[in-house]
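Q: I have a protein model open and no idea how to read its inside. Can we go through it together?

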Amino acid sequence: MNNKVRQRTRPVLAAELSSEASIFSDDDFGKKRCPPLISNRAWILIFIVYFSVFLGVLYCDVIRFPFPVSVEQLKTSGNARSLQFSEERAKKFVIELSSIGAKPTGSYENEVVAVDYITRQLNYIKSHTKPVNRIEIDIQKPSGCFPLTFKDGMVSCYHDVKNIVAKIGPIKATNKSIVINCHYDSVPTSPGSSDNVVSCAIMLEVLLSLSQHDEPLVNEVIFLFNGAEENILQAAHGFITQHPWAKTAVGFVNMEACGAGGKQMLFQADRERTWLLQAYASGSPFPQGSVVAQDIFQNGLIPSDTDYRIFDHFGGIPGLDFAYVKNGYVYHTKFDVPEAITVGAIQQAG
């Protein structure tokens with residue numbers, strides 16, 4: 001040891017000095033004091049910025065709707081009615097179909113009145129279609145049975161349920177088609193304006209718009225108005241397994257509701273064959289979807305199902321499943337009326 005190294009000594013507090021005479025209080029003992037990295041004012045500013053961004057995203061994603069297009073606007077637009085969608089005209093379809101009242105499968109309202117109304121609208125559109133495309137209309141009455149593997153293994157059987165089917169495409173058939181599906185039947189306790197009359201009205205308006213296109217369509221589009229969805233998805237099964245047009249289908253779009261109003265949300269899509277999903281994401285001006293909703297629905301946490309399962313399981317084709325989810329308290333009740341549909345919701349879906 002080097003004895004020349006001077007050892008440093010620490011001053012010792014005299015015994016006669018009490019703790020009150022110390023420069024540190026008892027409360028401060030063991031605490032390390034340092035100035036805050038960000039002042040309170042800075043935290044307030046950060047909170048305001050983040051909250052403003054949140055409100056902006058909420059407004060764009062949930063609250064903001066496209067402005068409804070009227071028939072008068074279509075008449076005065078530069079390209080006439082070609083590929084134009086009008087909420088005003090579609091809303092008339094909703095009101096007229098809803099005025100029929102409840103339409104349970106097998107009832108006179110569902111099997112006669114609703115079928116007559118939709119068929120008359122389709123025939124009108126067909127008679128005014130531009131000559132570059134053609135429309136075919138068919139009424140199918142399938143019968144059959146299928147296992148409900150998702151409902152404790154029961155078997156569902158049906159007889160002479162009705163499907164109203166319209167197909168639009170170029171003069172020369174392409175044998176490739178996309179199916180767009182809605183159901184016009186309802187539960188006995190509801191007029192079913194959102195579940196699912198509004199989807200059928202959107203399909204009528206889309207078909208009317210396509211019929212006024214100045215150029216032939218690349219492929220065919222099949223519009224399926226099925227009359228037996230509330231009876232556990234029977235009419236969709238009858239179409240996809242028995243109708244000859246179903247053999248040309250390479251994808252489908254199903255439209256549903258578990259509420260009224262709000263934006264139409266994409267909540268189910270094929271996880272592997274994503275071409276239809278990519279087309280929707282890139283081509284839709286107002287896309288809306290939720291991955292969380294798909295996980296919740298497909299894991300059985302919601303005790304319900306849609307025609308998506310039928311097309312997926314029995315048709316083996318990829319698809320998209322949309323639904324209105326706002327105001328779920330009107331679902332399957334007498335309050336599911338046209339007035340419950342948010343202004344702009346139909347335009348967004350179209």
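A: Sure, starting with a word: contact means heavy atoms within 4.5 Å. This is a predicted model, so local features need pLDDT of at least 70 and side-chain atom pairs count only at pLDDT 80 or more, while totals for chains, interfaces and linings use all residues. Residues are numbered from 1 along each chain as its sequence is written, and side-chain values use heavy atoms, with hydrogens and water left out.

Q: Which residues does Phe223 touch, not counting those up to four places away in sequence?
A: Ile164, Val165, Ala166, Ile168, Ile180, Met203, Val206, Leu207 and Leu210.

Q: What is a nonpolar core?
A: A set of buried Ala, Val, Leu, Ile, Met, Phe, Trp, Tyr and Cys residues joined through side-chain atoms within 4.5 Å. Buried means under 20% relative accessible area, exposed over 50%, partly exposed in between (1.4 Å probe, protein chains only). Here the largest core has 46 residues, and Phe223 and Phe225 touch the most other members. Helix H5 (residues 193-211) gives the most to this core, with 10 residues. Helices (H or I, at least four residues) and strands (E, at least two) are DSSP runs, numbered from the N terminus.

Q: Is Asn181 buried or exposed?
A: Asn181 counts as buried because its relative accessibility is 0%. You'll find Asn181 in strand E5 (residues 177-183).

Q: Which side chain does Asn181 join in a polar contact?
A: That of Asn226, at 2.9 Å. A polar contact is a pair of N or O atoms within 3.5 Å; within protein, one must be able to donate a hydrogen and the other to accept it, and residues adjacent in sequence count only if both atoms are side-chain atoms.
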